[in-house]
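Dear colleague,

I am passing on a structure that you have not worked with before, and my notes on it follow below. Please read them with the structure open beside you.

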Amino acid sequence: MAGSRAGRPREGSTGPGDWRERLTALLDSYAKRPWPKTSEERAAAARAWHSEMVDVGVAAPGWPKSVGGLDLGLEDQLDYYRMTSAAGVPKHPNSIAFIVAPTLIVYGTEAQKARFLEPLLRAEETWCQGFSEPGAGSDLASLSTRAVRDGDNYRVTGQKIWTTRAAEADWMFALVRTGPPGRGTDGISYLLIPMTSPGIDVRPLRDAAGGHHFAEIFLDDVVVPAENLVGTEGNGWSVMRTSLGHERATAFLADEFRYRGLVDKVFALAKEQGYADNALVRQELAFIETGVRAIAANSARALDAVLRKADPGGVASVNRLVKSEFEQQLHRLAQRLTATGAALSSRSEGAVDGGRWSYGYFMSRASTIGAGTAEIQRNAIAEQVLGLPSHRGESIRPPAVAPGRPLTRPDEDEAALRDVLGTALASRTSTEQLLAWASKTTGYDAGLWDELVRFGLPGLAVPEELGGGGAGMRMLAVAVEEAGYAAAPVPLVPTLIALEVLRQAGAAATVRAVCAGTTAAFVVPVDDNGWVVDGRLPMLDGSRLSGSVERVHGAPVADQLVLLARDTADGELVLGTVKTLYAEVVPQESVDLTGTIGIVVLDGVEPEVIARGAEVTRILDAARRVAQVVLAADSVGVANRALALAVDWAGQRQQFGRLIGSYQAISHRCAGMLVGAEGSRGQVLAAAHLDSNDPEVHLSADIAAAAALDAAVSAAEACIQIHGGIGFTWEHPAHLLLRRAIANQVALGRPENLRDRAAGAVLDRLC
């Protein structure tokens, strides 16, 4: 092995105590150290810190113990990164090394692992990546750098470009062509090249931010020992996919915590610069809050796939695109928040925050170019994940999963629920059956509702002692998503919302009735901010109600009404229940042909009061989170059904002699639909998974709901556009999805208002 050194990576569990104890002790020690002042001191401190982590046995949380790691599971890895991020310890000074490391772990020889992995962990050697070439940037398959076998060596000739940190690197992991020249993935090999080798010429390139982070590398008959080949000759393309797959999954898992810190800094910048109450800025702040939460959800799912030895490719590819565009959005907003300071160079005296945001903005322009442009990423998502026709006319690959289905295989219980419930729903929700509801304003599919009740809905997440199934909120969100995917014409979401209000109020008998199949609706005015509790409500005078509420979703088919009123005597809020037969419900024509809406008129009705005063406020506050999650889950289903329809059509419809899915205008739109649908799914499931006492519970629900409600409308609109004229016809189901998405978008408050509330919550947290 060229440049070999003695020693092997140490086992992960060295030293006394478990990894948390060792890491905590080391972090406590770090907190007492003086902060390095210069960039040179910071670089030296970072190298020393990572060497210490190896010595204590707390480096590489996800690596196998046999190569110096801790071999932690998903939750432990997340905890590990939370701990190190909160402590503010230096990140590894050569993050690119964590692209080559998983490749060596999987494909490297024992000698390669022994030679490279420990100095990599210790930051004693610096790596650069030699993939891109002047004629093969994102299109790596057309690379031309040649490696010719000569006895025990390869002789490498060619050029690499956009090579990060090449000027200071000790080693380069590179793709070279060992097979016949031309374009193709066969005959590409993966070599480890010492950067001190004769024949290597590194020429730094100045970037748009003014630095020299990149370089072009010229290789002129460079001799590389054959023992530096990773994997087998000609199999470098598969080896490279391991590199990039781990780059997008495990190696940069800590990014979500780094991004969390950056997002908080941008929120703080908004306050410092006087923009905290600017409505437009608050929307942008909420979008980056959405972005960081989508990244967190996607990262966790990608890592979970890796730990289950499954391919994270689908969700990892989506996350790569989300991250790159998120970085640009974040820095664009931060630069805008510097106001007129945006006119100053990052090195100028008086630049806001020392010029970090101006510098970051220009550097972020590379985030959608490096490691495959955003356009290439969309090609990969469309063709490799969704199975759309190749834009180059190559053979069509099968999709990673059926379009509209979760990109990572759910656990056994969730998978069974989706399979069984999805099959039951599909049998009763054909296009013809759904369109049959077009002429109705008050009906629902009673047979399908009875089937859902037998399945355990709507009481799936209600405790067993109250007649429910005792499942968690996450499983309920999954079930509602399946109903949304099928556009099921049943009052599931209105009933679930009313059921949660009843459960929070302790109305046990009525809860049991709803779990047994009684349909219900919550009678409360709604505006752009959600439930209206301080405006015009029905009035309770003594024991009788008067007043009316318009636009109550599910009211025309509800057996049980749960209503909010105000007592005329003391002005207190009152929650009550009324059987629908004692009230007057006037159906209104719903934009959602699979749902109902109506006016509830209360004229002398006598309710059963179930809560009063401050207790009502508590009940509504607790129920709002569940209401948002189930409504959002329904919209996730709608978005994914629209995606599935669009991808199916793009793979069969021809225009100008080609399948329309091969046109990038179509395939990129489908990729965008997937990013939105899958991102909102991850956020909704994450919000559903939180404990009700978690301080993030309402913020998470607001952000997830806003993302899902918008994703459904956007996907349904795109579905119609991709179908063209046929998608605009009444007989095609696309308009049913759009109608349902529009109705959901106003059922519990507009997405813009939810985002504004979420932005306010984060700003308040920074006080």
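How far apart do the end C-alpha atoms of residues 34–124 lie, and what percentage of the span is helix and what percentage strand? Please keep in mind that this is a predicted model. The end C-alpha atoms of residues 34–124 are 23 Å apart, and the span is 60% helix and 0% strand. As for the choice of that span, an unreviewed UniProt entry places the feature "domain: Acyl-CoA dehydrogenase/oxidase N-terminal" at residues 34–124 and 412–508.

Helix α5 covers residues 110–121, and because a rise of 1.5 Å a residue should give its twelve residues a span of 16 Å, the 17 Å between its end C-alpha atoms agrees with that expectation. This helix is mostly covered, with ten of its twelve residues buried; among them are Lys113, Arg115 and Glu118, as well as Phe116 and Leu117. The buried residues of α5 pack against the helices α2 (39–56) and α4 (97–107), and also against the strands β1 (127–130), β4 (171–177), β5 (188–194) and β8 (229–230). Just after α5, Ala123 takes a positive phi of about 60 degrees.

Turning to another pair of helices, the axes of α15 (residues 473–485) and α19 (residues 664–689) come within 7 Å and cross at roughly 145 degrees, and this crossing is right-handed. On the α15 side the contact is made by Met473, Arg474, Ala477, Val478 and Glu481, while α19 contributes Arg681, Val684, Leu685, Ala688 and His689. The residues of this contact divide into six nonpolar, one polar and three charged.

With best wishes

Terms used: Residues numbered from 1 in each chain as written. Predicted model: local features only at pLDDT ≥ 70, side-chain atom pairs only at ≥ 80, totals over all residues. Heavy atoms only, no water. Axes fitted to C-alpha atoms, helices over the stretch in contact; angles between N-to-C directions. Helix = DSSP H or I, 4+ residues; strand = E, 2+ residues; numbered from the N terminus. Left-handed = near helix turned anticlockwise from the far one by under 90°. Contact = heavy atoms within 4.5 Å. Nonpolar A, V, L, I, M, F, W, Y, C, P; charged D, E, K, R; others polar. UniProt positions renumbered as here; feature names shortened; annotations may be inferred. Expected span 1.5 Å × (residues − 1). Buried < 20%, exposed > 50% of the residue type's maximum accessible area, 1.4 Å probe, protein only.
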